[in-house]
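This report looks at one protein structure. It covers a patch on the surface and a strand with its partners.

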Amino acid sequence: SDDGKLSFDEFKAYFADGVLSGEELHELFHTIDTHNTDNPDTEELCDYFSKHLGEYENVLSVLEDLNITVLKAMDKTKKDYQEASNLEQFVTRFLLKETLNQLQSLQSSLECAMETTEEQTRQERKDPTKPEVLSIQWPGKRLARRLQRNNSLSSNNPHSSTGWIEEDSQWEIQINRLQKLVDRLEKKDLKLEPLEEEVLEENAKPHIMIVQHQMSVIEEKVEEFRLALKQYVESASAQGGCLHVSIQKLPSNLHFIVYEFWENSNAWNSHLHMNYSKAFQRSNVDFLETPELITTMLVPGKY
């Protein structure tokens, strides 16, 4: 909440990694809370992790310098690009793209390391204690957000990181329902042939935007949440670019999944700026146990 302190719920939402159990997270929380206030502040958090940085002290220092350098370059680009020649603009676009490629390559290496260490820990522990699994979303504008790999809704990927762990059979049911919804939109079978080249027509339909919301609701707030969700769905469904909205409740009465289908990404982006959408997001701050997890996927409209 940007007050400089962490409640245990905030701590759990930020640090739960699917490996540590709830008891272990609670123990870690109190280890960091050296002042025994049940609300460790930023200084206590920094003191704890600074003792364990090792080689990553240099890494984080370099990343801080990189962040400043990139922002300076972006600011310079914003000022100079419009007045530059065509060739200079081309070079600028190339450098931006190459910088992005380098960062994505580094990100891939880090993600691989994260997956390997997490999997190794799970295999070594063989711990019957159920790990604490939460929809993890790091705080907003004042702190760096943790990059989430939201580019997959497939149950075939054993390492897909959606922040929501269900049994394989339940995932298959969700995916099958999702496919049926897409079929109904175009009233034809969904046939994807990724191994064949395809020439797009100039007047081909844009990509349909599929959005999945995963929400875990505070038990005492369920009825208020249902009312807010109903109003949100009714308003979203009335929008011109909205093709379909579907609500699914998981076996627990406290977990909801909402699927939205939009004509294109522009329609989705416009929806996000509508007052009813902003009001729903604000209300979720009070209704949800953990931050809402949003996953998006583009599907070729011609299908």
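The sections below take the surface patch and then the strand.

## Basis

The structure is a predicted model.

## Nonpolar surface patch

Six residues are listed for a nonpolar surface patch of about 520 Å²: Tyr 56, Val 59, Leu 60, Leu 63, Leu 66 and Leu 103. Helix H4, which spans residues 56-80, gives the most to this patch, with five residues.

Leu 103 is found in helix H5, residues 86-125. The relative accessibility of Leu 103 is 38%, so this residue counts as partly exposed; partly exposed covers the range between the buried limit of under 20% and the exposed limit of over 50%.

## Burial of strand S1

Strand S1 runs over residues 208-216 and is mostly covered, with nine of its nine residues buried.

The side chains of S1 fall into two sets. Ile 208, Ile 210, Gln 212, Gln 214 and Ser 216 point one way, while Met 209, Val 211, His 213 and Met 215 point the other way. Both sets are buried.

## Strand pairing

S1 pairs with two strands named here, S4 and S3. With S4 (residues 293-299) the pairing is antiparallel and extends over seven bridges. Within S4, Met 297 is the bridge partner of Ile 210, and Ile 210 is one of the buried residues of S1.

S3 (residues 255-262) is also antiparallel to S1, and eight bridges join these strands. Here Ser 216 stands opposite His 255 of S3; Ser 216 points the same way from S1 as Ile 210.

Notes
Residues are numbered from 1 along each chain as its sequence is written. This is a predicted model: local features need pLDDT of at least 70, side-chain atom pairs count only at pLDDT 80 or more; totals for chains, interfaces and linings use all residues. Side-chain values use heavy atoms; hydrogens and water are left out. Patches are made of residues with over 30% relative accessible area and no salt bridge: like charges are joined within 9 Å, nonpolar side chains (Val, Leu, Ile, Met, Phe, Trp, Tyr) within 5 Å. Accessible areas come from the Shrake-Rupley method with a 1.4 Å probe; for residues, only the protein chains shown count as cover. A salt bridge is a side-chain nitrogen of Lys or Arg within 4 Å of a carboxyl oxygen of Asp or Glu. Helices (H or I, at least four residues) and strands (E, at least two) are DSSP runs, numbered from the N terminus. Buried means under 20% relative accessible area, exposed over 50%, partly exposed in between (1.4 Å probe, protein chains only). Two strands pair if DSSP finds at least two bridges between them.
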